[in-house]
Amino acid sequence: MALFTQHEQALALRKLGKSYSEIKEQTDVSKSTLSLWLKDYPLSKKRLYQLRTAPRKIEKYRATMRLKRKKRLTAYYAKQKKLLLPLSERDLLLGGIFLYWGEGNKVSSHTLSVTNTDPHVLKFTLLWMTSALHIAKSNIRVRLHLYRNMNPDTESQFWVNKLNIPISNFGKPYIKDSKTTNLTHRGFNHGTCTLSVHNTIIKEEILMSIRVIGHYANQIVVHA
């Protein structure tokens, strides 16, 4: 009964101009079986031409859409660059506070630290620490969290180059006993990097800044 139903379904799809591949996807019947069932139902020359040219049309469409998206994003980038830059010291301070609120270590009372895999996030963190918080770069420590299939020297040099920070600021990396190939998501190509500073006063000021902004947002929501 199931075979009869599949045969009828395949025949109906063929009459709609579907290819063997398209029919196979919907009926789960092999192409060899379909060729036997449908040998008396060849497609027209016009339909065969459509099937042959369809992949090229699809790829052309995708290329057009990629180009449109690229132009759109380029325009957005120019607009936001004009709107946002240059950042004042206050802008930089606030940006860093919001970043720290989401990504920073709030547990330690004495250590200001941000951990991430994205070099851009950490470059901004470094800029925030040195330019807005006026912390000397020599006081900023770097710690890498790597996996056992990574080369510590190679990855350390990667972060030295990305952050423009000397290797003398680096502590001994932590090597996790697993491989990056075991991860189910991307983003760990160069491990996880932590920037930290031991300064109780600055840490407490940042935590209180976060609290002030949190209270402000709560008041706005309550009175809205």
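## An exposed acid and its partner

Let's start on the outside of this predicted model. Asp177 is exposed, with a relative accessible area of 67%. The cut-off for that word is over 50%, so Asp177 earns the label with its 67%. The side chain of Asp177 meets that of Arg148 in a salt bridge, with 3.2 Å from N to O. This pair ties together distant parts of the chain, since its two members are 29 residues apart. Asp177 sits in the loop between β3 (174-176) and β4, while Arg148 sits in the loop between β2 (141-147) and α7 (152-163).

Is Arg148 as open as its partner, or partly exposed? Arg148 has a relative accessible area of 47%, so it counts as partly exposed.

## Two more charged pairs

How many salt bridges does the structure hold? There are 3. Here is the general idea behind them: side chains of opposite charge can pair when their charged atoms come close.

One of them joins the side chains of Glu22 and Arg47, at 3.7 Å from N to O. Here too the pair links distant parts of the chain: Glu22 belongs to helix α2 and Arg47 to helix α4, 25 residues apart. Glu22 is partly exposed, and its relative accessible area is 27%. Another salt bridge is formed by Glu59 and Arg66, whose closest N and O atoms are 3.1 Å apart. Glu59 is partly exposed as well, with a relative accessible area of 39%.

## Helix α1 and its two sides

Now look at the start of the chain. Helix α1 covers residues 2-15, which makes 14 residues. From its first C-alpha to its last it reaches 20 Å, close to the 20 Å expected at 1.5 Å a residue.

Which residues of α1 are buried? They are Ala10, Leu11, Leu13 and Arg14. If you look down the axis of α1, these buried residues fall within an arc of 165°, so they line one face of the helix. A general rule helps here: an α-helix has 3.6 residues a turn, so residues three or four places apart point the same way. The cover over the buried residues of α1 includes α2 (20-27) and α3 (31-37). On the face turned away from that buried side, you will find the exposed residues Phe4 and Lys15. Just after α1 comes Gly17, which takes a positive phi of about 90°.

## Helix α4 and its kink

Helix α4 runs through residues 45-84 and has 40 residues. The span from its first C-alpha to its last is 58 Å, close to the 58 Å expected at 1.5 Å a residue.

Where in α4 does a kink lie? Find Thr53, shortly before the proline Pro55: the kink there is about 40°.

## How the strands pair

Next, follow the strands. Strand β1 (residues 111-116) has 5 of its 6 residues buried, so it is largely enclosed by the rest of the structure. It is joined by 6 bridges to strand β4 (residues 192-198), and these two strands run antiparallel. To see the match for yourself, find Ser113, whose bridge partner in β4 is Ser196.

β4 also pairs with β2, again in the antiparallel sense, over 5 bridges. In that pairing, Val142 stands opposite Leu195 in β4. Do β2 and β3 pair in the parallel or the antiparallel sense? They pair in the parallel sense, over 3 bridges. Leu146 stands opposite Ile175 in β3. As you trace the strands, remember that in a regular strand the side chains alternate between the two faces of the sheet.

## Two buried residues to finish

Thr125 lies in helix α6 (residues 119-132). Its relative accessible area is 0%, so it is buried. Leaving aside neighbours within four places in sequence, Thr125 is in contact with Leu99, Val114 and Leu195. You met Leu195 a moment ago, opposite Val142.

Gly104 is found in the loop between α5 (89-103) and β1. Its relative accessibility is 10%, so Gly104 counts as buried, the cut-off being under 20%. With neighbours within four places in sequence again left aside, Gly104 is in contact with Leu99, Ser113 and Val114. How far apart are Gly104 and Thr125 in sequence and in space? They are 21 residues apart in sequence, and 9.8 Å apart from C-alpha to C-alpha.

Methods. Residues are numbered from 1 along each chain as its sequence is written. This is a predicted model: local features need pLDDT of at least 70, side-chain atom pairs count only at pLDDT 80 or more; totals for chains, interfaces and linings use all residues. Side-chain values use heavy atoms; hydrogens and water are left out. Helices (H or I, at least four residues) and strands (E, at least two) are DSSP runs, numbered from the N terminus. The expected span of a helix is 1.5 Å times one less than its number of residues. Buried means under 20% relative accessible area, exposed over 50%, partly exposed in between (1.4 Å probe, protein chains only). The arc is that of the directions from the helix axis to the C-beta atoms. Contact means heavy atoms within 4.5 Å. The bend at a residue is the angle between axes fitted to the seven residues ending there and the seven starting there. Two strands pair if DSSP finds at least two bridges between them. A salt bridge is a side-chain nitrogen of Lys or Arg within 4 Å of a carboxyl oxygen of Asp or Glu.
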